[in-house]
Number of protein chains: 2
Amino acid sequence: MSKSDKREEIVRAALELIAENGFHAAPMAMIADRAGVGAGTIYRYFENKDVLIGELYKDLEEKMLPVIQEGYDINAPLRERFLHLGTRILRYFIENPLHFRFIEQFHNSPYGVEHRRDKILGEKNGCNIFRELFEDGLSQQLLKAFPLTILFALSFGPIVNLARDHILGFVVMDETLIVAAIEACWDSISK
Amino acid sequence: MSKSDKREEIVRAALELIAENGFHAAPMAMIADRAGVGAGTIYRYFENKDVLIGELYKDLEEKMLPVIQEGYDINAPLRERFLHLGTRILRYFIENPLHFRFIEQFHNSPYGVEHRRDKILGEKNGCNIFRELFEDGLSQQLLKAFPLTILFALSFGPIVNLARDHILGFVVMDETLIVAAIEACWDSISK
DNA sequence: TATACAAGAATGAACGTTCATTCCGTTTTT
DNA sequence: AAAAACGGAATGAACGTTCATTCTTGTATA
């Protein structure tokens with residue numbers, strides 16, 4: 001196994017174990033086992049567990065953003081833009097259940113306390129798309145006059161819940177339902 | 001300190017520590033310390049940590065339900081009923097941040113896996129009020145024709161997010177905002 | 001009323017387990 | 001052959017739980 005393959009295997013193993021049963025079920029020895037490396041080897045690639053988890057989180061964030069933005073037309077009508085982003089995010093979570101489960105675990109763990117603010121897609125980096133979208137909507141008076149935080153809550157709250165319910169098998173979100181659900185979210189924020 | 005005082009102190013200490021910094025920051029020794037009892041004493045009141053946590057959760061559930069239902073008129077118009085329940089829940093969380101934070105931690109911990117399904121107010125016990133509300137709305141054709149799970153997600157998702165954002169200080173939910181936000185949720189589920 | 005005693009409650013040091021991390025002998029690469 | 005990478009046993013810290021001992025409280029006896 002090549003060097004970079006090994007790093008990848010370690011990250012993959014960590015993602016799987018944590019997503020499947022939470023941090024408490026992912027000790028370093030078990031991660032090493034599933035990655036097919038020795039326990040000590042992990043420490044040649046990551047300073048410690050915190051760093052491993054943190055980099056895993058960053059990896060996922062970096063994979064997610066471009067997928068969500070793909071095909072996004074900043075000049076389209078507001079509603080269309082919202083539906084585009086909303087359905088993309090929900091679809092991404094549904095198609096990448098491990099990513100979703102890990103991110104959720106992360107945000108509810110000691111590892112993720114500092115990241116608390118970026119609610120899965122915060123006002124970080126270049127990804128202020130949602131913020132811009134909402135600010136646009138507010139200035140055009142198309143959205144209800146809520147603080148940004150509330151608009152976020154009305155949009156992301158349902159999305160995260162729907163993704164979780166789908167992944168845990170409580171509902172099957174097909175393409176029709178995905179679109180309809182995000183349209184419903186739009187109804188909650190639009191005037 | 002009387003016997004029942006002691007039990008109460010233990011439960012209170014556990015609630016505080018877990019709500020403030022999560023399960024990882026609430027070892028039995030620390031709970032004992034904050035309760036002002038010896039570590040061994042806890043085991044005179046609770047078989048083990050799982051049981052302590054479980055009873056704490058049940059306690060909170062029992063305190064919350066009557067508060068939310070108070071003044072609920074099952075014969076009122078559907079919208080009014082929804083607003084009543086929605087605002088009550090959100091207000092309850094805002095006024096009892098420790099309860100909210102504990103319940104959230106619980107649902108995202110090994111302790112709470114089995115309770116997963118009752119999303120803070122599930123189809124348990126006598127508390128099917130929300131379910132009934134939604135079924136009523138569906139049969140009267142006042143609500144969008146979604147599966148119950150999705151109606152739950154559209155309602156609880158925002159509520160939980162708003163409570164969290166308020167408690168963490170990202171937004172200040174006054175009475176006006178509370179009502180407006182729940183009205184917005186109504187817009188997402190109503191036809 | 002004062003004293004002795006029993007029974008339950010409370011305690012916290014000690015134990016066994018689990019886990020992240022380190023260390024060192026072995027294997028692979030250069 | 002030197003250097004780097006590797007594996008997994010060893011280490012020590014943290015935790016939940018136990019248990020021998022101490023404290024408290026209520027009752028019986030003088």
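**Exercise 1. The packing of α6(B) on α8(B)**

At what angle do helix α6 and helix α8 of chain B pack, and how far apart are their axes?

*Solution.* The model is a predicted one, and the geometry below is computed from it. Two packed helices are described by the angle between their axes and the distance between the axes. Helix α6 of chain B covers residues 97–107 and helix α8 of chain B covers residues 148–167; the two pack at an angle of about 120°, and their axes lie 11 Å apart. That angle makes α6(B) oblique to α8(B), since the range for roughly perpendicular runs from 65 to 115 degrees. The crossing of the two helices, α6(B) and α8(B), is left-handed.

The next step is to list who makes the contact. From α6(B) come B:P97, B:F100, B:R101 and B:E104, while α8(B) supplies B:V160, B:A163, B:R164 and B:I167. Sorted by class, the residues of this contact of α6(B) with α8(B) are five nonpolar and three charged, with no polar residue.

**Exercise 2. The other neighbour of α6(B)**

Describe how helix α5 of chain B meets α6(B), and state how much of α6(B) is buried.

*Solution.* Helix α5 of chain B spans residues 78–95, and its axis comes within 5 Å of that of α6(B), with a crossing of roughly 100°. That makes α5(B) roughly perpendicular to α6(B). On the side of α5(B) the contact is formed by B:Y92, B:F93, B:I94 and B:E95, and on the side of α6(B) by B:P97, B:H99 and B:F100. By class, this contact of α5(B) with α6(B) holds five nonpolar residues, one polar and one charged.

Reading the two contact lists together, B:P97 and B:F100 appear in the contact of α6(B) with α8(B) and also in the contact with α5(B). As for burial, α6(B) is mostly covered, with nine of its eleven residues buried. The buried residues are B:H99, B:F100, B:R101, B:F102, B:I103, B:E104, B:Q105, B:F106 and B:H107.

**Exercise 3. Two residues of chain B, B:L78 and B:N48**

Is B:L78 buried or exposed, and which residues does B:L78 touch?

*Solution.* B:L78 is found in helix α5 of chain B. With a relative accessible area of 5%, B:L78 is buried, because the cut-off for buried is under 20%. Leaving aside residues up to four places away in sequence, B:L78 touches B:L133, B:D136, B:G137, B:Q140, B:L142, B:L143 and B:W186.

Now set B:L78 beside B:N48: the two are 30 residues apart in sequence, and their C-alpha atoms are 44 Å apart in space. B:N48 has its place in the loop between α3 (39–45) and α4 (49–69) of chain B, where, at 28% relative accessibility, B:N48 counts as partly exposed. A second pair gives another distance from this loop residue: B:N48 and B:M30 are 18 residues apart along the chain, with 15 Å between their C-alpha atoms.

**Exercise 4. The backbone at Q141**

What is the phi of A:Q141 near, and where does A:Q141 lie?

*Solution.* Most residues other than glycine have a negative phi. The phi of A:Q141, however, is near 60°, a positive value in a residue other than glycine. A:Q141 lies in the loop between α7 (129–139) and α8 (148–167) of chain A, and at 54% relative accessibility A:Q141 counts as exposed. In the other chain, B:Q141 likewise has a positive phi near 60°; B:Q141 is found in the loop between α7 and α8 of chain B and is exposed, with a relative accessible area of 54%.

**Exercise 5. The whole chain and its copy**

Summarise the make-up of chain A, then relate chain A to chain B.

*Solution.* Chain A has nine helices and zero strands, and its C-alpha atoms fill a box of roughly 60 × 35 × 30 Å along the principal axes. Of the 191 residues of chain A, 52% count as buried. Among the contacts in chain A with a separation of 6 or more, 67% come from residues 24 or more positions apart.

Two copies of a chain are related by a rotation about an axis and a shift along it. Here a rotation of 180°, with 0.0 Å of shift along its axis, superposes chain A on chain B with an RMSD of 0.1 Å. That is the relation of a two-fold axis. The same surface serves both copies, as 100% of the contact residues of chain A recur in chain B. Of the residues of chain A, A:G157 comes closest to the rotation axis, its C-alpha lying at 2.0 Å.

Terms used. Residues numbered from 1 in each chain as written. Chains lettered and ligands numbered in written order. Predicted model: local features only at pLDDT ≥ 70, side-chain atom pairs only at ≥ 80, totals over all residues. Heavy atoms only, no water. Least-squares fit on C-alpha atoms with pLDDT ≥ 70 in both. Contact = heavy atoms within 4.5 Å. Axes fitted to C-alpha atoms, helices over the stretch in contact; angles between N-to-C directions. Helix = DSSP H or I, 4+ residues; strand = E, 2+ residues; numbered from the N terminus. Parallel < 35°, antiparallel > 145°, perpendicular 65-115°, else oblique. Left-handed = near helix turned anticlockwise from the far one by under 90°. Nonpolar A, V, L, I, M, F, W, Y, C, P; charged D, E, K, R; others polar. Buried < 20%, exposed > 50% of the residue type's maximum accessible area, 1.4 Å probe, protein only.
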